[in-house]
Amino acid sequence: MTTDTGSHRRWLDGLAWSLFYAAIWALFTRGSGWTLGLPSVLLAAGLSLWLGLRPWRLSWRRLPGFVWFFLSRMAFGAWDVAVRAMLPGPSLQPVWVDYRMRCQSPRVRLLLSAMVGLLPGTLSSRIDGDCMRLHVLDERQPWHATVIDLEARLARLLDGRGEP
């Protein structure tokens, strides 16, 4: 019976990867080009299965709160940049900082490094071990608390646990 369970899981993983890659293709091509897209989606899904990758399991219950958090921080960042552009004189205190990541999940770390650049005034440049190098536009802003919050929310969203 374990073979049946394993093949069932593999089939579900293949379906999940296919839907994921199809959604990415549709998003980037505005739903066109399926002559090339369908073989690409199937190849990517097959490669993911061959590599033994499991699809991400999202906590759908936590998704609305995560989206709200992230969009509100992006809006704040846009407003902050607009205000600084309108004010005369330099109003920035840029600095390079190291942020020690708490979560050990490679998925969370990857998304954190990609998403931190969309937060107000931060940009990730590299990850070295547990440390992520960030460029911060203004060290007076609460960037550290925001990155901690983003990391914890990503961990809860992807792993379903309460802590990173």
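With a relative accessibility of 40%, G33 counts as partly exposed in this predicted model, because that class covers the range between under 20% (buried) and over 50% (exposed). G33 sits in the loop that links α1 to α2, the latter spanning residues 34–50. A look across the chain from here gives a sense of scale: the C-alpha atoms of G33 and R100 are 42 Å apart in space, with a sequence separation of 67 residues.

The loop between α1 and α2 also holds R30, and this residue deserves a moment of attention for its backbone. R30 adopts a positive phi of about 55 degrees although it is not a glycine. Its relative accessibility is 81%, so R30 counts as exposed.

Turning to helix α1 itself, which covers residues 2–29 and includes L15, a nonpolar patch appears on the surface. W11, L12, L15 and L19 make up this patch, with an area of about 420 Å². L15, one of the contributors, has a relative accessibility of 37% and therefore counts as partly exposed.

The strands offer another backbone feature. Strand β2 (residues 122–128) runs antiparallel to strand β3 (residues 131–136), and six bridges join the two. Within this pairing, I127 has M132 of β3 as its bridge partner. Two residues separate β2 from β3 in the resulting hairpin. In the turn, G129 shows a positive phi of about 65 degrees. A positive phi is thus found for G129 in the hairpin turn and for R30, which is not a glycine, in the loop between α1 and α2.

Conventions: Residues numbered from 1 in each chain as written. Predicted model: local features only at pLDDT ≥ 70, side-chain atom pairs only at ≥ 80, totals over all residues. Heavy atoms only, no water. Patch = residues over 30% accessible without salt bridge, like charges linked within 9 Å, V, L, I, M, F, W, Y side chains within 5 Å. Areas by Shrake-Rupley, 256 points an atom, 1.4 Å probe, with all protein chains shown as cover. Salt bridge = Lys/Arg side-chain N within 4 Å of Asp/Glu carboxyl O. Helix = DSSP H or I, 4+ residues; strand = E, 2+ residues; numbered from the N terminus. Buried < 20%, exposed > 50% of the residue type's maximum accessible area, 1.4 Å probe, protein only. Pairing = 2+ DSSP bridges.
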